[in-house]
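The following exercises are meant to be worked with the coordinates open beside the text. Try each task before reading its solution.

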Amino acid sequence: MPVGNLNSQFFRGVATVTEKNMRIYYTKPPVIIYGLLLPLIMFIAFYLGRDIDFRFFFPGFLAMFLFFIASSVGPLITPWEKRAGTYERLLSFPVSVNTIILGDTAAGMIFAIVINLVVLAAGLIFLHYSLNVLLLTGGVLLGAFCFASLGVLLASPAAPNPSYIMMASSLIRFPLIFISGILIPLEKLQGTVRVLSYFSPISYLVDILNFSFGGHAQYPLIFDFAMLFAFSVVFIFLSNRFHKRNLMKGL
Amino acid sequence: MKAENDNIIEVDGLTKRFGSLTAVDQISLSVKEGEVFGFLGPNGAGKTTTIRMLTGLLTPDSGKAFIDGFDIKKNPIRAKMKMGVIPETGNVYVDLTAKQNIILTGKFYGINRRELEKRAGRLLEEFVLYERKDDVVRTFSKGMKQRVNIASAVVHNPDILFLDEPTSGLDVQSQRLIRKIIKEMNKRGTTIFLTTHNIEEANIQCQRAGIINKGRIAAIDAPENLKRIFQETQSVEISFNKPIDSGLIENSQLAERIEQIGDKWKLYTDNPDGLVKYLAKLAQEQGLILTSMQICRASLEDVFVKLTGDNPIR
């Protein structure tokens with residue numbers, strides 16, 4: 001098989017893994033609960049009964065929805081497949097670990113973008129923004145990829161039950177919401193929380209979306225995009241390392 | 001580089017360690033194109049570890065394995081394109097239908113949609129699944145799930161099929177259907193590499209068998225040749241109309257090993273003629289009736305037990 005064909009085999013593998021994940025995992029209860037219901041509940045808990053400029057906070061909420069949805073698919077897939085006994089069979093196909101990682105990431109990314117389009121449409125209809133569409137598109141695409149790759153990284157530890165991974169992933173994901181400029185604007189974060197915000201990938205998407213919707217950003221946009229890209233690379237690299245190390249555990 | 005001989009699987013010095021345990025120790029074997037090769041061994045012998053290395057799931061610590069000329073370590077994707085695999089613990093996707101499972105697998109191998117639909121239809125008929133093609137696999141019996149598994153594994157017409165305990169836990173009908181499918185696939189030219197605990201299955205289906213024990217190859221040959229090696233595993237099976245004391249049989253000094261199996265005695269000997277005459281005389285002297293007697297050549301099970309050290313001792 002020539003190298004050119006190996007490349008097409010790789011992309012074909014990624015596409016097929018993505019299709020498999022979309023068919024099987026989008027309707028699994030943990031994805032619905034941790035990906036859709038939880039951010040909705042958080043949004044309602046924050047907004048209801050409070051006098052909040054929703055137009056100001058909408059970009060942050062959009063980032064929150066994108067984060068939760070994109071990062072909720074990945075943690076479920078590998079642990080579920082290992083428990084169901086389908087993972088070894090998947091590995092026997094002409095795929096590599098990287099194929100599986102990228103396929104899982106793509107599934108989370110697509111799910112998040114589709115749902116977020118609904119949230120975005122609702123926001124545009126009721127709140128009348130004038131958007132920077134190009135920046136918004138770039139930010140959402142890169143943000144979705146980054147958060148989905150985090151989800152896949154969270155799936156890499158060996159665990160006897162997918163629910164262990166979902167709960168552990170929530171312990172990591174939830175605190176990020178509070179340090180990322182979603183509930184408290186980035187410019188108002190102070191002290192330790194301000195420092196911690198630099199370590200959250202969501203902060204950079206919030207900044208991009210704030211600029212896309214309202215024309216104001218805390219950091220240079222090139223910095224925001226670079227950080228999202230850097231986080232993505234780190235998450236994919238670590239996913240590769242840890243998934244390979246734990247490949248046979250749980251089989 | 002493709003293989004220049006007609007060996008489609010070549011293994012040379014393959015080794016795999018898990019910490020201080022050497023699960024597979026310097027095994028070497030080859031399988032000819034179109035052969036049905038059985039790989040036998042007791043639990044924990046290294047069969048599944050070996051298959052996992054040959055199918056690219058595990059990286060060997062040393063040694064080489066070539067699948068149709070492709071080094072499984074250096075060219076895993078190319079090697080995997082040549083094979084279909086049914087792992088022992090490999091399940092199909094129960095949330096998908098039988099047809100969806102087959103088509104999804106075919107996509108991994110680059111088969112176009114139209115051709116996939118044709119092949120899926122043919123396989124569903126062949127594997128007696130057509131009427132349930134649009135039912136989710138969760139509703140299937142174990143035997144039906146295994147048939148979906150095998151159908152998916154062969155959708156791309158692989159040159160080699162690896163099966164790890166394919167009939168384990170299945171009812172008799174499913175076992176027979178799967179053996180029939182394997183036989184037909186082999187007739188069409190597919191090389192079969194099969195691990196099994198069912199010695200009789202290996203005896204019937206395999207042209208050659210390799211026996212692995214404690215990570216090392218104990219023997220590789222055609223089943224009949226393996227049986228001939230162990231002349232002393234000839235035996236006389238006999239039963240009497242009433243129980244007898246084993247000491248009466250031991251007195252013959254012709255039986256090397258004696259096993260009591262239910263109401264029968266199995267006496268291992270290299271002199272079956274002498275032993276039969278002794279037993280006939282014994283029956284007459286003791287007033288016993290011989291209810292059954294036969295001379296048995298070594299079975300593959302006997303060979304297996306002898307090589308893997310599970311012999312009961314007199």
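**Exercise 1.** In this predicted model, find which residues Val17(A) touches, leaving aside those up to four places away in sequence, and decide whether Val17(A) is buried or exposed.

*Solution.* Once residues up to four places away in sequence are set aside, the contacts of Val17(A) are Val95(A), Thr99(A), Ile100(A), Gly103(A) and Asp104(A). The next step is to locate the residue, and Val17(A) turns out to belong to helix H1 of chain A, which covers residues 3-25. For the burial class, one counts C-beta neighbours inside 10 Å: Val17(A) has 26 of them, and because the threshold for a buried residue is 20 or more, Val17(A) counts as buried. As a further check on distances, Arg173(A) lies 156 residues from Val17(A) in sequence, and the C-alpha atoms of the two are 25 Å apart in space.

**Exercise 2.** Describe how helices H3 (residues 98-108) and H5 (residues 142-153) of chain B are arranged relative to each other, and state which residues make the contact.

*Solution.* Begin with the axes, which come within 8 Å of each other and cross at roughly 25 degrees. Since angles under 35 degrees count as roughly parallel, H3(B) is roughly parallel to H5(B). The handedness of this crossing is right-handed. From H3(B) the contact draws on Ala98(B), Asn101(B), Ile102(B) and Thr105(B), while H5(B) supplies Val148(B), Ala151(B) and Ser152(B). Sorting these residues by class gives four nonpolar and three polar residues, with no charged residue in the contact of H3(B) with H5(B).

**Exercise 3.** Work out the strand order of the open four-stranded sheet in chain B, identify its edges, and find which helix packs on it.

*Solution.* Following the pairings across the sheet gives the order S12-S13-S11-S14 in chain B, with antiparallel pairing. The edges are S12 (257-261) and S14 (290-296) of chain B, each of which pairs on one side only. From one strand to the next, the twist averages 15 degrees. Looking at one pair in detail, S11 (residues 235-240) and S13 (residues 264-268) of chain B run antiparallel and are joined over four bridges, and Glu237(B) has Lys266(B) in S13(B) as its bridge partner. Finally, the helix packing on the sheet is H10 (residues 272-286) of chain B, which touches S11, S13 and S14 of chain B and whose direction makes about 10 degrees with that of S11(B).

**Exercise 4.** Summarise chain B as a whole: how many helices and strands does it have, and what percentage of its residues count as buried?

*Solution.* The count is eleven helices and 14 strands, and of the 314 residues of chain B, 44% count as buried.

Technical notes. Residues are numbered from 1 along each chain as its sequence is written. Chains are lettered from A and ligands numbered from 1 in the order in which they are written. This is a predicted model: local features need pLDDT of at least 70, side-chain atom pairs count only at pLDDT 80 or more; totals for chains, interfaces and linings use all residues. Helices (H or I, at least four residues) and strands (E, at least two) are DSSP runs, numbered from the N terminus. A residue is buried if 20 or more other C-beta atoms lie within 10 Å of its own, exposed if 12 or fewer, and partly exposed in between; C-beta atoms are placed from the backbone. Two residues are in contact if their C-beta atoms, placed from the backbone, lie within 7 Å. Axes are lines fitted to C-alpha atoms, for helices over the stretch in contact, and angles run from 0 to 180 degrees between N-to-C directions. Angles under 35 degrees count as roughly parallel, over 145 as roughly antiparallel, 65 to 115 as roughly perpendicular and the rest as oblique. A crossing is left-handed if the near helix is turned anticlockwise from the far one by less than a right angle, and right-handed if clockwise. Ala, Val, Leu, Ile, Met, Phe, Trp, Tyr, Cys and Pro count as nonpolar, Asp, Glu, Lys and Arg as charged, and the others, Gly among them, as polar. Two strands pair if DSSP finds at least two bridges between them.
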